[in-house]
Amino acid sequence: MREEDGRSPDIGREAGMAARPRPVLQRAGGPGLSAVDDLVAKLRAMISSEGLRVGDSLPTERELCDRFRASRNTVREAMRILKAYGVVTVRPKVGATIVDDRMERALDLFSFNTLDVSREAFSDIQGFRGLLEVAGIDLILDRIARADIAEMREINDGLRRTESLDEAAEIDFGFHTRLIAVMGNKAILDIYKIMKPVILRIMSRGRNGAVQAIETHADHLGILEALEARDRLAYQYRMRSHLQASVGNFDP
């Protein structure tokens, strides 16, 4: 399928991969799959083989029942799964239409895991951020321009005008998101945004708004100074220290 019109070519394939496990029923179309998972796999294959794209309609519920010899409940459950993963939308009198809301669904699913953050989760998340924001310094220095630094400085100045914990965390995240954007890789930026709920949780854990704003503003200034000076080692030291600053707020 083509991509020049902006539509996603791999919705069917990814939807099938996302289907959740259910009690096993042996079926001719999919050994080891439940009836619902088997139908999800067949719908995935149908979307791919027939070249269906975002905006196209799927067959009606009755047509799907006849075509795949499935019960109405099985069809409805399969469509519910595809809808939950942002692959289709179902509207009364219109039926199922292919969409691409997978990123939004991923954000929703990720946010369920942010009620508590352990020391291990902190290390994993900050370690991942370090791979981007510390180890990625060569790419950052290669691409960053004065306008980028000026915009990051303006974002950081917002920390001087707030004592709200939530707002300080949002500004902190905005600063780092703007840095990630410098890399020019949309996939990396999208993944970073998916992680926003848990990153905000880390940024706000064990602090009050005023303290966070003051400390974070100072950390960011040091990072910006290193970027302006194109001092690779100073940048890596300051960014690594910044990312690990709140480790003591998480239980071992």
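**Entry 1: H220.** I began with H220 in this predicted model, and, leaving aside its neighbours within four places in sequence, I found H220 in contact with N156, L159, D172, F175, H176 and H242. I then looked up where this residue belongs, and its place is in helix α12, which runs over residues 209-229. I also asked myself whether H220 is buried or exposed. The relative accessible area of H220 is 0%, and because buried means under 20%, I noted H220 as buried.

**Entry 2: the second largest pocket.** I turned next to the second largest pocket, for which I wrote down a volume of about 220 Å³. Its lining is made up of L58, P59, T60, E61, L64, V75, R76, M79, V90, V94, G95 and A96. Sorting these lining residues by character, I have eight nonpolar, two polar and two charged. Which element gives the largest share of the lining? It is α4, with three residues, while α3 (61-68), α4 (72-84) and β2 (95-98) each supply at least two.

**Entry 3: confidence.** I checked how far the predictor trusts the chain, and the average pLDDT is 81, with 78% of the residues scoring at least 70. Among the elements, helix α8 (residues 146-157) has the highest mean pLDDT, 97, and helix α1 (residues 11-18) the lowest, 45. Over residues 1-9 the pLDDT is below 50, and this stretch has 14 contacts in the model beyond near neighbours in sequence. Residues 11-31 also have pLDDT below 50, and for that stretch I noted 48 contacts in the model, again beyond near neighbours in sequence. I remind myself that where pLDDT is low, predicted coordinates should not be read in detail.

Key. Residues numbered from 1 in each chain as written. Predicted model: local features only at pLDDT ≥ 70, side-chain atom pairs only at ≥ 80, totals over all residues. Heavy atoms only, no water. 1 Å grid on protein atoms, 1.4 Å probe; cavity = no way out; pocket = protein on both sides within 12 Å on 5 of 7 lines; lining within 4 Å. Points joined across faces, edges and corners; volume = space filled by probe spheres on them. Helix = DSSP H or I, 4+ residues; strand = E, 2+ residues; numbered from the N terminus. Nonpolar A, V, L, I, M, F, W, Y, C, P; charged D, E, K, R; others polar. pLDDT = per-residue confidence, 0-100. Contact = heavy atoms within 4.5 Å. Buried < 20%, exposed > 50% of the residue type's maximum accessible area, 1.4 Å probe, protein only.
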